[in-house]
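Subject: the structure I promised

Hi,

Here is the structure we talked about, with my notes underneath. Have it open in your viewer as you read.

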Amino acid sequence: MKQGIVYLVGAGPGDYGLISLKAIECIKQADTIVYDRLADDRLLDHARPDVELIYVGKASSAHTMRQEDINQLLVDKALENKVVVRLKGGDPFVFGRGGEEAIKLLEHELPFEIVPGITSAISVPAYAGIPVTHRGIATSFAVITGHEDPTKTESTMKWNKLATAVDTLVFLMGVENLPYITSKLIEHGRPADTPAAVIRWGTKPEQEVLVTTVGQAAQDVVARGLKPPAIFIVGHVVSLREQLAWFDNKLLFGKKVLVTRAREQASVLTDGLAKLGADCIEAPAIKIVPPESYEELDDAITHLKEYHWLIFTSVNGVEYFFERMAAAGLDTRAIAAKVAAIGSQTAGKLKSFGITADIVPAEFRAEGIVEALADYIKSGMKILIPRALVARDVLPAKLTELGADVKVAPAYRTVAGDTNGQELAAKLEQGAIELVTFTSSSTVTNLLDLLGENGAQLVAKAKVACIGPITAETCLAHGIKPDVIAEEYTIKGLIEAITALYKGE
């Protein structure tokens, strides 16, 4: 019988990529994940579809579940012989109360493992361009809780030693207690003009950095309106930010970008824009689903040897075609036809199945592939195009004009995504979205359907980037003028075009 075990896993400080390989492995095998407010939701995408997710996030004065109840929950789930991941922001043992959870498990003789995480104490300053140590400036640093209750009759902190014995002080969860913290530091000898910084949502695109001094910090935080989660760092290393700031100097830093691509495919675009500093909001306008019937595609696959050419117009078409091939008990050996692909990404997906496209046109749209095939198509040739249920008729019509016998077989269809249109409309209305990206005509039409009758006007409040001219034409047909049209009709080309826009090229 499988024995229950609990992995106390550090999710890192906020940036989705700052997590260990071991942590991802634990998430993948978990039966139950008990997760915190500060753990990026995208980490949960690595979990099994049948995983049990339990949110126990804590914010100041607003706890979803008391710590004692969290401890007991971990015990209960482990006693059910489940693999449990306790996913915690930062590191489990740096003010993460992981020790308390581990002791509770020990009391019930339940096995556990600690998977350390990158603590915000060093990573958040690093993302703000502030090293906690630096040769000739700081040779020591301390990490301190900022949650000590100022109403206690006696502090458990040794302020007389902390204030001046350590070069760099990092207070976690201390924003609300800044008046108390700073007064204690000054009282025990730390000069009021010592450089300091408050960093909110460190390592994330929402990161805010306030450079101040110990004496001015509390006042400046109120004036800026900074709220948790944030850290407070004290020391002359703060002055290095002027030279070393890198994260918030990125081209798209802090700009909110709407990614309307299907959820399964959004990550490539999201990751590319995030590397430029963008805060990406994934709001899939479309969802890729099977057609209502595979009858036409399955029939075409049964007679595959009769076709002279196979033409793929998208990555999705490739995936669904080979899925149906496998369902029929066939593999690539059944393909005797030559193969054409619209675009390098579609050609790349074919290669993953062991097929090298014979033709990839220079222009990644239907007109381009017709031009590329013109010299190869003979009257009477049979051509199979596995594609979306609804698509442009240009390609089959032009091939038919060349004398080909064209079979269009629905391999998949696009339907409206599960995005909350009202919430998205409110963000656009408020000007909270800087840029809207469209990767196909269906993302345009479906987004407008989700937004309602004023959708076009709402989208027009932001900049608009299109993956190519066909998508741009769909925008224009709805009264939306694109600011960016990629020259190469790929995700890479779209990112390059967006980069050029913001560089002013």
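Is F322 buried or exposed? F322 is buried, as its relative accessible area is 8%. Keep in mind throughout that this is a predicted model.

**Aromatic rings**

The count of aromatic pairs comes to 14. One of them joins F247 and F253, whose ring centres are 5.4 Å apart with 75° between the planes, an edge-to-face pair. F247 has a relative accessible area of 6%, so this residue is buried, given that anything under 20% counts as buried. Another pair is F321 with F322: the centres are 5.3 Å apart and the planes stand at 90°, so this one is edge-to-face too. The cut-off for that label is an angle over 60 degrees. F321 comes out at 0% relative accessibility and therefore counts as buried, and F322, at 8%, is buried as well.

If you want a group of rings to look at, try Y127, W246, F247 and F253, which form one aromatic cluster.

Two rings also have a charge over them. R324 lies over the face of Y294, 4.1 Å from the ring centre. Over the ring of Y307 sits the charged end of K382, at 5.2 Å from the centre.

**A five-stranded sheet**

Next, the sheet. Five strands make up an open sheet with parallel pairing, in the order β14-β13-β20-β21-β22. Its edge strands are β14 (279-282) and β22 (484-485), each of which pairs on one side only. Further in, β20 (residues 435-438) and β21 (residues 463-466) run parallel and are joined by four bridges. If you'd like one to click on, V436 has V464 in β21 as its bridge partner. Helix α18 (residues 469-477) lies across β20, β21 and β22, and runs at about 140° to β21.

**Salt bridges**

Side chains of opposite charge can pair when their charged atoms come close. Here the count of salt bridges comes to 26.

Which residue does D31 pair with? The partner is R48, with the closest N and O atoms 3.0 Å apart. This pair links distant parts of the chain, 17 residues apart: D31 is in the loop between α1 (21-29) and β2 (32-35), while R48 is in the loop between β2 and β3 (52-55). D31 counts as buried because its relative accessibility is 13%, whereas R48, with a relative accessible area of 28%, is partly exposed.

R66 and E68 form a salt bridge as well, their closest N and O atoms being 3.9 Å apart. E68 counts as partly exposed, at 47% relative accessibility.

Back at the sheet, E434 forms a salt bridge with K463, and the closest N and O atoms are 3.5 Å apart. E434 lies in the loop between α15 (421-429) and β20, and K463 is in strand β21, so the pair ties together parts that are 29 residues apart in sequence. E434 counts as partly exposed at 24% relative accessibility, and K463 is partly exposed with a relative accessible area of 31%.

Lastly, D36, R86, K88 and E101 are joined into one network by salt bridges that share partners.

That's what I have for now. Shout if anything looks odd on your side.

Cheers

Methods:
Residues numbered from 1 in each chain as written. Predicted model: local features only at pLDDT ≥ 70, side-chain atom pairs only at ≥ 80, totals over all residues. Heavy atoms only, no water. Phe/Tyr/Trp six-rings, centres within 6.5 Å; stacked < 30°, edge-to-face > 60°. Buried < 20%, exposed > 50% of the residue type's maximum accessible area, 1.4 Å probe, protein only. Lys NZ or Arg CZ within 6 Å of the ring centre and 35° of its normal. Pairing = 2+ DSSP bridges. Helix = DSSP H or I, 4+ residues; strand = E, 2+ residues; numbered from the N terminus. Contact = heavy atoms within 4.5 Å. Axes fitted to C-alpha atoms, helices over the stretch in contact; angles between N-to-C directions. Salt bridge = Lys/Arg side-chain N within 4 Å of Asp/Glu carboxyl O.
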